[in-house]
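Student: Could we go through some of the labels people put on a structure and check what backs them up?
Tutor: Sure, let's take them one at a time.

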Amino acid sequence: MNKYPSSSYYAYQRGSDFDLESGSVRKSRKPKTSFPRMFVNRVHHLFKLHPVLVSILLVSFGITVLIFISSIYESQFPSSSVAYKKKDLDNDVYPFANLKNLVMVAGHSVYTSSNCGRLDKEESWFLESYQKHPGQAATFLSHIEEGVEAAGRDDEALLLFSGGETRKEAGPRSEAQSYWAVAESKGWFGKDDVRSRALTEEHARDSFENLLFSVCRFRELTGSYPHNITVKRPFSFKCLHSLISIVMLMYISWWWIQVVSYDFKEERFAHLHRSAMGFPESRFRYLGTPASLESKEAALKGEAMVRAQFQEDPYGCVGSLWRKKLKRDPFHRTIPYPNGCPEIRGLFRYCGSAPFPGSLPWD
C-alpha cells in the first residue's frame, strides 16, 4: 500500500498561477498599495517607535500648512486693517491729513439736560456719587474750554473729545458728544475756527483708553501719528527747567498731543499711561485743571487707589480695572480699533504687567 504524507497535498504551488496550456507556473501579481495608504502605514510604524517625536512633527506640519493657507488667503482677501484706506475719498486722501498735532480732552460725565442754558449746573449732568459736589459741572466746562483754547493756539491741531457711552442711566449718549455739544452751545468760546477741527472719540471707557483710542482716532483721520504728547504743569519755579526744555523742543518739532484733564491725574497720564504706550517723557505734555474745592480731598484719595491699580495692571486688562471697563459699556458697543491704526495692533492686544515689548511708530 502506498503511503501518502500526512500533510495536505497541494496540486499547484501556493502563491502561484498554473498555466494549463504551457504547463508553467506564473507568479501571481500582488495588489499595488496606494501611496496614501503606504504613507499612513509608514507613519503608524514610526509612531510606534517614536511616539513623541512623530507627534511633534505632525503638529509642526499642520501648523505650517495652516500658515501657508492663511498667507494665501490674506494675499487674495486682505483684511480691513491691512488694506485700510478711506475709499470714499478721492485719491485716498485723509480728511485731516494737514493736521499734525492732537489735543485730547478726556470726558468725565454725560450732559443730560435738554436746556443748554444750564451747562454749569450739576443737575444738568449725570454724576456718580463721588462727583456730586458743588462746582463739579464747572470743572467740565473748564476742561472743554481749555481744549478749545489749546487747539485755537495751533492751526495744525486736531481737537478730540474722548469718552464713550459709559452710563446706562444717562442713555445712549457719549461723554465725547456731550462735550462737543457744550462747546457748540458756547460758540466755541470765541474760537470759531476750531469747530471744523473738533471731532469725537466715542469708545473710551477709562483714562488709558482715552489716550490710546485718541491716538488711533488721530491716525484714522490724518493718516499719521502725532509726533509728541505734551505735558503742561501749573507754573512754579520748580517747573522752570521743564518749561525751558519744552520751549527748546518746540524749535525742533511742533507736533504735539495735548491731554486735558484734572491736575491730580497728571501722574496717571504723564507717567503710567505714557510709559504703557512707550512715549518718551521728553515728548509728552499735560494740561491739568483743578478739581472743585469740595471734592479735592476725596478725589485725591480715589486717584491714589486707581493709580495703584494701574501700577499693577498698566493696560487695564485684568482684575478690577477690567471689570470697571465692562460696567462702563452698558450698551455693548463694538470697539472699531485698531482697524484704523494697524501699526499698533499689537499694543491693543497686549496684556501684561511689563511694558509692551514690540515696536511702535513713535519709537
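Tutor: One definition to start: buried means under 20% relative accessible area, exposed means over 50%, and partly exposed is in between. Keep in mind that this is a predicted model.

Student: Okay, why is aspartate 193 called partly exposed?
Tutor: Its relative accessible area is 40%. Partly exposed is the range between 20% and 50%, so aspartate 193 gets that label.

Student: And what makes arginine 197 buried or exposed?
Tutor: Arginine 197 comes out at 8% relative accessible area, so it counts as buried, the cut-off being under 20%.

Student: How do you know that the side chains of arginine 197 and aspartate 193 meet in a salt bridge?
Tutor: The rule wants a side-chain nitrogen of Lys or Arg within 4 Å of a carboxyl oxygen of Asp or Glu. Here the N to O distance is 3.1 Å, so the pair qualifies.

Student: What makes glutamate 165 and arginine 333 a pair that ties parts together?
Tutor: They form a salt bridge at 2.9 Å, N to O. Glutamate 165 sits in the loop between strand E6 and H4, and arginine 333 in the loop between helices H9 and H10, so the parts they tie together are 168 residues apart in sequence.

Student: Last one: why is H3 called roughly perpendicular to H4?
Tutor: Their axes come within 10 Å and cross at roughly 75°. Angles of 65 to 115 degrees count as roughly perpendicular, so the label fits H3 and H4.

Note on methods. Residues numbered from 1 in each chain as written. Predicted model: local features only at pLDDT ≥ 70, side-chain atom pairs only at ≥ 80, totals over all residues. Heavy atoms only, no water. Axes fitted to C-alpha atoms, helices over the stretch in contact; angles between N-to-C directions. Helix = DSSP H or I, 4+ residues; strand = E, 2+ residues; numbered from the N terminus. Parallel < 35°, antiparallel > 145°, perpendicular 65-115°, else oblique. Buried < 20%, exposed > 50% of the residue type's maximum accessible area, 1.4 Å probe, protein only.
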